[in-house]
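Hello,

Here is the structure I said I would pass on. My notes on it follow below the view.

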Amino acid sequence: MKELVEIIAKSLVDYPDEVVVIETVEEDTITIELKVAPDDMGKVIGKQGRIAKSIRTVVKAASSKSDKKVVVDIK
């Protein structure tokens, strides 16, 4: 999941070198934390959060075979 979020985020932003993805695995939850440059925050979130929602939807679909819940946190 980490690689998927990283590829999507790097394709959206102007500063792909500043994209940082941290994956934390707990018992039944995987938390993926996405950090981008302050100038790129709007591009990752999108108008009314549409791009952020789309990223979460793609990650949820990709993780549907695992029994763990995946949470994408954009900072």
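**The nonpolar core**

In this predicted model, the largest nonpolar core has 16 residues, and those touching the most other members are Val19, Ile32, Leu34, Val44 and Val59. At least two core residues come from each of α1 (2-12), β2 (29-35), α3 (50-62) and β3 (69-74).

Val59 is worth a look on screen. Apart from its neighbours within four places in sequence, Val59 is in contact with Met1, Leu4, Val5, Ile32, Val70 and Val72.

**The chain as a whole**

The secondary structure amounts to 3 helices and 3 strands, in the order α-β-β-α-α-β along the sequence. Among contacts between residues at least 6 apart in sequence, 52% link residues at least 24 apart.

On overall dimensions, the radius of gyration is 12 Å, which agrees with the value near 11 Å for a compact globule of 75 residues. Taken along the principal axes, the C-alpha atoms fill a box of roughly 35 × 20 × 15 Å.

Of the 75 residues, 29% count as buried. The chain exposes about 5,100 Å², and 52% of that is supplied by carbon and sulfur atoms. As for charge, there are 13 positive and 14 negative charges, and their mean positions lie 7 Å apart.

**Two residues to check**

Which residue other than glycine has a positive phi near 55°? That is Gln48. Most residues other than glycine have a negative phi. Gln48 sits in the loop between α2 (41-45) and α3. Is Gln48 buried or exposed? Its relative accessibility is 72%, so Gln48 counts as exposed, the cut-off being over 50%.

The other is Thr24, which belongs to strand β1 (residues 20-25). Thr24 has 36% relative accessibility and therefore counts as partly exposed, the class between the 20% and 50% limits. Not counting residues up to four places away in sequence, Thr24 touches Thr29, Ile30 and Thr31. These three residues fall within the range given for β2 (29-35). Thr24 and Val70 are 46 residues apart along the chain, and their C-alpha atoms are separated by 9.9 Å. Val70 also appears above, among the contacts of Val59.

If you open the model, Val59, Gln48 and Thr24 are the residues I would display alongside these notes.

Regards

How values were computed:
Residues numbered from 1 in each chain as written. Predicted model: local features only at pLDDT ≥ 70, side-chain atom pairs only at ≥ 80, totals over all residues. Heavy atoms only, no water. Core = buried A, V, L, I, M, F, W, Y, C linked by side-chain atoms within 4.5 Å. Buried < 20%, exposed > 50% of the residue type's maximum accessible area, 1.4 Å probe, protein only. Helix = DSSP H or I, 4+ residues; strand = E, 2+ residues; numbered from the N terminus. Contact = heavy atoms within 4.5 Å. Rg over C-alpha atoms; globule rule 2.2 N^0.38 Å. Areas by Shrake-Rupley, 256 points an atom, 1.4 Å probe, with all protein chains shown as cover. Lys, Arg positive; Asp, Glu negative; His and termini not counted. Charge placed at Lys NZ, Arg CZ, Asp CG, Glu CD.
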